[in-house]
Amino acid sequence: MSDDSRISAYLFAVEIDGIETARFQKCEGLEAETEVFEYEEGGGGVLHFKGRSHYPNIVLERGINENDVLFKW
(Lines give C-alpha, C1' and ligand atoms only; values in the text may rest on other atoms or scores of the structure.)
Protein backbone atom coordinates (compact mmCIF):
# COMPACT_ATOMS: atom_id res chain seq x y z
CA MET A 1 0.00 0.00 0.00
CA SER A 2 1.69 3.13 -1.17
CA ASP A 3 -0.29 6.10 0.20
CA ASP A 4 -0.01 5.98 4.02
CA SER A 5 -2.14 9.10 4.57
CA ARG A 6 -5.10 7.52 2.78
CA ILE A 7 -4.97 4.27 4.75
CA SER A 8 -4.18 5.61 8.23
CA ALA A 9 -7.77 4.91 9.38
CA TYR A 10 -7.49 1.28 8.25
CA LEU A 11 -5.87 -0.36 11.30
CA PHE A 12 -6.05 -4.07 10.44
CA ALA A 13 -3.83 -5.43 7.66
CA VAL A 14 -4.00 -8.84 5.98
CA GLU A 15 -0.75 -10.38 4.75
CA ILE A 16 -0.50 -13.44 2.52
CA ASP A 17 2.98 -14.87 1.96
CA GLY A 18 4.53 -11.69 3.38
CA ILE A 19 2.65 -9.38 0.98
CA GLU A 20 0.11 -6.92 2.40
CA THR A 21 -3.02 -7.49 0.35
CA ALA A 22 -5.66 -5.36 2.10
CA ARG A 23 -6.47 -3.17 5.11
CA PHE A 24 -9.70 -3.02 7.11
CA GLN A 25 -11.25 -0.50 9.53
CA LYS A 26 -13.09 -3.06 11.64
CA CYS A 27 -12.17 -6.55 12.83
CA GLU A 28 -14.28 -8.82 15.06
CA GLY A 29 -13.63 -12.28 16.43
CA LEU A 30 -10.12 -11.82 17.83
CA GLU A 31 -10.77 -13.92 20.91
CA ALA A 32 -10.36 -17.45 22.23
CA GLU A 33 -12.20 -19.57 24.79
CA THR A 34 -10.60 -22.57 26.50
CA GLU A 35 -12.53 -25.21 28.42
CA VAL A 36 -11.31 -26.09 31.93
CA PHE A 37 -11.99 -29.47 33.52
CA GLU A 38 -11.92 -30.00 37.28
CA TYR A 39 -10.89 -33.30 38.86
CA GLU A 40 -11.27 -33.90 42.59
CA GLU A 41 -8.41 -35.77 44.23
CA GLY A 42 -8.92 -38.27 47.02
CA GLY A 43 -7.22 -35.92 49.50
CA GLY A 44 -9.76 -33.14 48.96
CA GLY A 45 -7.79 -31.11 46.41
CA VAL A 46 -9.08 -30.09 43.01
CA LEU A 47 -6.97 -30.28 39.87
CA HIS A 48 -7.70 -28.10 36.83
CA PHE A 49 -6.96 -29.38 33.33
CA LYS A 50 -7.00 -27.37 30.12
CA GLY A 51 -9.42 -28.64 27.48
CA ARG A 52 -10.17 -27.65 23.91
CA SER A 53 -9.86 -24.10 22.69
CA HIS A 54 -12.56 -22.52 20.52
CA TYR A 55 -12.05 -19.61 18.14
CA PRO A 56 -14.87 -17.66 16.47
CA ASN A 57 -14.80 -16.71 12.80
CA ILE A 58 -12.93 -13.50 12.04
CA VAL A 59 -15.06 -10.81 10.42
CA LEU A 60 -13.31 -7.97 8.53
CA GLU A 61 -15.33 -4.91 7.50
CA ARG A 62 -14.83 -1.72 5.48
CA GLY A 63 -11.72 -2.76 3.59
CA ILE A 64 -9.55 -1.24 0.88
CA ASN A 65 -6.93 -2.79 -1.37
CA GLU A 66 -4.87 -2.02 -4.43
CA ASN A 67 -5.18 -5.42 -6.09
CA ASP A 68 -7.46 -8.45 -6.16
CA VAL A 69 -5.10 -10.98 -4.56
CA LEU A 70 -7.24 -11.30 -1.42
CA PHE A 71 -10.46 -11.76 -3.38
CA LYS A 72 -8.85 -14.45 -5.57
CA TRP A 73 -7.56 -16.19 -2.43
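Which residue forms a salt bridge with Lys 26, and how far apart are the closest N and O atoms? Glu 28 forms this bridge, with its closest N and O atoms and those of Lys 26 at 3.2 Å. The model is predicted, so local features need pLDDT of at least 70, side-chain atom pairs count only at pLDDT 80 or more, and totals for chains, interfaces and linings use all residues. Residues are numbered from 1 along each chain as its sequence is written, and side-chain values use heavy atoms, with hydrogens and water left out.

**Overall fold**

- The protein chain has one helix and five strands; helices (H or I, at least four residues) and strands (E, at least two) are DSSP runs, numbered from the N terminus.
- Read from the N terminus, the order of elements is β-β-β-β-β-α.
- The chain has 73 residues, of which 16% are buried; buried stands for under 20% relative accessible area, exposed for over 50%, and partly exposed for the range in between (1.4 Å probe, protein chains only).
- About 6,100 Å² of the protein chain is exposed, and carbon and sulfur atoms supply 49% of this area; accessible areas come from the Shrake-Rupley method with a 1.4 Å probe, and for residues only the protein chains shown count as cover.
- Of the contacts between residues at least 6 apart in sequence, 46% join residues at least 24 apart, where a contact means heavy atoms within 4.5 Å.

**Salt bridges**

- The whole structure holds two salt bridges, each defined as a side-chain nitrogen of Lys or Arg within 4 Å of a carboxyl oxygen of Asp or Glu.
- Side chains of opposite charge can pair when their charged atoms come close.
- Besides the bridge between Glu 28 and Lys 26, there is a salt bridge between Glu 61 and Lys 26, with the closest N and O atoms 3.8 Å apart.
- This second pair links distant parts of the chain, as Glu 61 lies in strand β5 (residues 59–64) and Lys 26 in strand β2 (residues 19–28), 35 residues apart.
- Lys 26, Glu 28 and Glu 61 are thus linked in a network of salt bridges.
- Lys 26 is partly exposed at 29% relative accessible area, Glu 28 is partly exposed at 36%, and Glu 61 is partly exposed at 28%.

**The β3–β4 hairpin**

- Strands β3 and β4 pair in the antiparallel sense over seven bridges; two strands count as paired if DSSP finds at least two bridges between them.
- The two strands form a hairpin with five residues between them, and Gly 44 in the turn has a positive phi of about 95°.
- Thr 34 is in strand β3 and is partly exposed at 37% relative accessibility.
- Leaving out residues up to four places away in sequence, Thr 34 touches Lys 50, Gly 51, Arg 52 and Ser 53.
- Thr 34 and Lys 50 are 16 residues apart in sequence, and their C-alpha atoms are 7.0 Å apart.
- The side chains of Thr 34 and Ser 53 make a polar contact at 3.0 Å; a polar contact is a pair of N or O atoms within 3.5 Å, where within protein one must be able to donate a hydrogen and the other to accept it, and residues adjacent in sequence count only if both atoms are side-chain atoms.
- His 48 is in strand β4, and its side chain makes a polar contact with the side chain of Glu 38 at 3.3 Å.
- Leaving out residues up to four places away in sequence, His 48 touches Val 36, Phe 37 and Glu 38.
- His 48 and Val 36 are twelve residues apart in sequence, with a C-alpha to C-alpha distance of 6.4 Å.

**Nonpolar surface patch**

- Phe 37, Tyr 39, Leu 47 and Phe 49 form a nonpolar patch on the surface, with about 420 Å² of accessible area together.
- Strands β3 (33–40) and β4 (46–54) are the elements that give two or more residues to this patch.
- Patches are made of residues with over 30% relative accessible area and no salt bridge, with like charges joined within 9 Å and nonpolar side chains (Val, Leu, Ile, Met, Phe, Trp, Tyr) within 5 Å.
- Phe 49 lies in strand β4, is the bridge partner of Phe 37, and is partly exposed with a relative accessible area of 43%.

**Backbone angle in β5**

- Arg 62 lies in strand β5 and has a positive phi of about 55° although it is not a glycine.
- Most residues other than glycine have a negative phi.
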